[in-house]
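Biologist: I should like to go through this structure with you, one question at a time. Please give the reasoning before each result.

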Amino acid sequence: MKKHIAVLTSGGDAPGMNACIRAMVLNAERAGHKISGYLRGFNGVLNDDRICLTAQRMHNLIQQGGTILHSARCESFCQPQVRQQAANNLKSAGIDTLIVMGGDGSFKGAHALKAHWDGQIIGIPGTIDNDIDQTDATIGYYTAIETAVNSIDKVRDTADAFDRVFVVEVMGRHAGFLGMSAALASASDFVLVPELFECAQTSLQQIKQQIMQRQQSRGPVSYVIVLAENLWPEGVIGLCQNVTEATGLEAKPVTLGHVQRGGSPVSQDRILAVKSGTFAIELVNTDISDIMIGIQNDTLVTVPLEKTWQKQKTLGKDARKTALHLMNQRYID
Ligand code: ATP
């Protein structure tokens, strides 16, 4: 049966969202479905702000960062009467399937719509944080690692030249996937992510000890610390001050910020996006609804949306172990 599908991107944008939109549009058109895009997340549904998506518009899109549908927060979507308005708009527009690409907040919004609208709801994880449970990866995560690693490599060059200490702040306030992967791939000296963080005092002591040991054996050294945002009590500036006071070495802050969200998606994100988008269109005309498409052990799966935020997804034991070994610390189970 020919259906009318609508897609939106919500929450933080992530590289690979466009690749996913492209895959959905091409597959939908091939199957004879109509496909529309709501602009600026749930705001688009509320304002009935939508565009018609065609294969022709998808040319040269797979490599573009950001999202052609734009993304936005829509705080009012937490109110039932606002969601009812959105449901009314979906009904008037004749939408059969709504595909929501975003993080767990966006999935909460999509799931909450179920009480007001009986159409099909599909979630696709798109966030650089990779903090969504029940999927091994999210669209945008791999590109964000690459961006962070490239930046840290550059910081390392100048750190080496001046035997300096740098603290690089990366995104990922709830889970350390981005910080840990970036630290491992850039051979950073210390990593501070939620899963490994005990307290500021202990971490500071470890950093000081490590720097002093290295100075004793090698002379002046450079030292790069990767810090997850919102983890250190006084932020990246506070950590720099603490390190400077503790070691007598001037520590410089670098905040990568929104740079991590942008850029052309790397192949892994494009492939994940294409697979997820293709699978989403395969699900149209089935009874499967209120689910997220995830990837587990290289297999696409459907997971009830509610399950995606019930448990905090955290770094696996192997990643934590490896990081601690690299930082010369003992792993305690
Ligand atoms: P990211 O983690 O990458 O920032 P996200 O999807 O988690 O992405 P949020 O800002 O948490 O980003 O949520 C995006 C939007 O989803 C919100 O602006 C709101 O419109 C909707 N939303 C979030 N939580 C809820 C909720 N509990 N009920 C209804 N809608 C929600």
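Biologist: Which residue in β11 is the bridge partner of Q296?

Modeller: The model is a predicted one. In it, strand β10 covers residues 291–296 and strand β11 covers residues 299–304, and the two pair in the antiparallel sense over 6 bridges. Within that pairing, the bridge partner of Q296 in β11 is T299.

Biologist: Which residue in the turn of the hairpin has a positive phi?

Modeller: β10 and β11 form a hairpin, with 2 residues between the strands. In this turn, a positive phi of about 50 degrees belongs to N297.

Biologist: Which helix contributes the largest share of the shell around the ligand?

Modeller: The ligand has 16 residues around it, which divide into 4 nonpolar, 8 polar and 4 charged. Of this shell, 5 residues come from one helix, spanning residues 104–113, and that is the largest share. The helix is α4.

Biologist: An oxygen atom of the ligand is 2.6 Å from a polar backbone atom of which residue?

Modeller: The residues that come nearest to the ligand are R73, C74, G103, G105 and S106. A polar backbone atom of G103 is 2.9 Å from a ligand oxygen atom, and an N or O atom in the side chain of D104 is 3.2 Å from a ligand oxygen atom. The distance of 2.6 Å, to a polar backbone atom, belongs to C74.

Biologist: What percentage of the area that the ligand exposes when taken alone does the protein bury?

Modeller: The ligand sits in the largest pocket. Taken alone, the ligand exposes 620 Å². Of that area, the share buried by the protein is 79%.

Key. Residues numbered from 1 in each chain as written. Predicted model: local features only at pLDDT ≥ 70, side-chain atom pairs only at ≥ 80, totals over all residues. Heavy atoms only, no water. Near = heavy atom within 4 Å. Polar contact = N/O pair within 3.5 Å; in protein donor to acceptor, adjacent residues only side chain to side chain. Areas by Shrake-Rupley, 256 points an atom, 1.4 Å probe, with all protein chains shown as cover. 1 Å grid on protein atoms, 1.4 Å probe; cavity = no way out; pocket = protein on both sides within 12 Å on 5 of 7 lines; lining within 4 Å. Sits in = over half its atoms within 2 Å of the grid points. Helix = DSSP H or I, 4+ residues; strand = E, 2+ residues; numbered from the N terminus. Nonpolar A, V, L, I, M, F, W, Y, C, P; charged D, E, K, R; others polar. Pairing = 2+ DSSP bridges.
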